Amino acid sequence: IIGITVKKSENFSQWYQEVVLKAELIEYYTEISGFFIMRPATMYIWNTIRKWFQERIEAMGVEETSFPMFLSQKSLEKEKAHVEGFAPELAWVTKAGEKDLDVPVAVRPTSEAVMYPYYAKWIRSHRDLPFRLNQWNSVVRWEAKQTTPFLRAREFLWQEGHTAHLTEEQAAKEVLEILELYAGIYEQLLAVPVVRGRKTEAEKFAGGYYTTTVEGYIPSNGRGIQGATSHCLGQNFSKMFDITVEDPNEKGKHLYVWQNSWGLSTRVIGVMVMIHGDDKGLVLPPRIAKIQSILIPVGLTAKMTAEEKEAHLKKLDEILDILKKAGVRAESDLRDGYTPAWKFNDWELKGVPLRIEFGPKDAAKDVVSYARRDTGEKGTIPIAELTTKVPEMLETIQQDMYNRAEKAFREHRLQITNWDEVVPALDAKNLVIIPHCLVPECEEQIKEMTKGRSDESPDTPEGQKAPSMGMKSLCIPFEQPEGIVKGETKCLNPQCSRFAEAWCMFGRSY
Ligand SMILES: O=C1CCCN[C@@H]1CCCn1cnc2cc(F)c(Cl)cc2c1=O
Ligand SMILES: [Mg+2]
């Protein structure tokens, strides 16, 4: 095999593309651009996430549903207000066979318009509340921008939860419960730290009331990335779709229900690849690795007799059995015709967290040799201690991967109160947390003011200019630093004369 041909630090986008392909996560669907094939290694990760999340939302009382994948022009009309911005992304079916459809139907980009007419039909009494459905499916959004595996595709897998509540407080409580589960998927399964917060008015889901989000950080390019969102829709959609219940306290009076909708997609896999991968390929957090430990026989030279080799491989099989009994997802690579070195590269490329080598020298000392994929650390483990040492080591790897990523994120989230430090901070691959007025127009201005680089001479020829991406607001972190005095502290944008409302995290982003 040829491994990854570029360095992550030198050509990040090509590095990423090679990793997802050569680690057999993805295949490009070359028939139609913007679509990707997800292979077994990906589906193992997605299914691990799905089991973890499904178990927890079931415990909350969320039930599963499956709605049709098409929506009608009519039901879309109800959402007209905020849908027009999305119209270019809608995929339409206009024909069946040779015949034109009387009325074209749209492929779901999300399922509010599909589901809510039936919420109106099913939700009649406050006793029907809280009403909670989730579906696991794929949606289609005909992105105009350049697509990237996992991060931006024209079809992706996700779950979409849609719930209805009697009061704003009940809805608010669930929004945060779900957001915490999203953070848990990132932090506990993918070893990826996220900042929890609320989207600004400019960045929230326009059809909703407010949006809460978990925001990630990609050290390689210093960009922020939206990880998953949990929206409170307020009564906006219940008014559009007439979803009401009789007021329990006042006969004959009707109340619009308070709704939430929340979604997490296969984008999470791309974030994990980008953060943990290295120049040898994928690096998988053990909790989501299909193979946590690969056993490779070494030192089986031609000098060994067939009996000796057989005896050795029998011992290796016993070791494999010990690991499996200890709950480790272990496999052995006994492929003939490949050298140990070749096998080492192959499994490193695929991100297997822990390699275990077993040769005659190890056998003589009743040990195995190991190599950690995340740090490269090597050593030996007595066979008698495998049952405890290997699971411990896998947990240590998981924790170390998280801690390293958390430290990188924390060190690149700079609290800034001097505007002149902002662009240099962005150019040094940081996100910034600044006092901000939270007004959309001010955000637009800031996006313009932060394009290009600070270290770029004005006469740099246009073609050589750095990515001219300005910074966007990512979220208003729930964890607010001290220091903003309402009605006194000014918004950091020098062209804005408003007072600061909160510390807001900004960054160049996906
Ligand atoms: O983000 C989530 C979580 C899961 C359920 N949905 C919400 C909001 C989805 C916003 N959104 C996102 N993208 C869209 C694309 C479209 F083409 C159309 Cl017509 C609508 C939308 C749209 O409403
Ligand atoms: Mg979009």
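Let's start on the surface, with a nonpolar patch of about 340 Å² made by Tyr-29, Ile-32, Ile-37 and Trp-142. Please keep in mind as I go that this is a predicted model.

Take Trp-142 from that patch. Where does Trp-142 lie in the chain's layout? You'll find Trp-142 in the loop between β7, which spans 131-140, and β8. And is Trp-142 buried or exposed? Trp-142 is partly exposed, because its relative accessible area is 34%, and partly exposed covers values between 20% and 50%.

Now let's turn to ligand 1. It is surrounded by 18 residues, and the closest are Phe-86, Thr-110, Glu-112, Arg-141 and His-231. By class, that shell has seven nonpolar residues, seven polar ones and four charged ones.

Three of the side chains are worth finding on your screens. Look for Glu-112, which has a polar side-chain atom 2.6 Å from a nitrogen atom of ligand 1. Thr-110 also faces a nitrogen atom of the ligand, with an N or O atom of its side chain at 2.9 Å. With His-231, the partner is an oxygen atom of ligand 1, and a polar side-chain atom of His-231 lies 2.9 Å from that oxygen.

How much of ligand 1 does the protein cover? On its own, ligand 1 has 520 Å² of accessible area, and the protein covers 94% of that.

Finally, which elements give two or more residues to the shell? They are the helix α4 (80-83) and the strands β8 (155-165), β11 (223-234) and β14 (258-265). We met β8 a moment ago, at one end of the loop that holds Trp-142.

Notes: Residues numbered from 1 in each chain as written. Chains lettered and ligands numbered in written order. Predicted model: local features only at pLDDT ≥ 70, side-chain atom pairs only at ≥ 80, totals over all residues. Heavy atoms only, no water. Near = heavy atom within 4 Å. Polar contact = N/O pair within 3.5 Å; in protein donor to acceptor, adjacent residues only side chain to side chain. Areas by Shrake-Rupley, 256 points an atom, 1.4 Å probe, with all protein chains shown as cover. Helix = DSSP H or I, 4+ residues; strand = E, 2+ residues; numbered from the N terminus. Nonpolar A, V, L, I, M, F, W, Y, C, P; charged D, E, K, R; others polar. Patch = residues over 30% accessible without salt bridge, like charges linked within 9 Å, V, L, I, M, F, W, Y side chains within 5 Å. Salt bridge = Lys/Arg side-chain N within 4 Å of Asp/Glu carboxyl O. Buried < 20%, exposed > 50% of the residue type's maximum accessible area, 1.4 Å probe, protein only.
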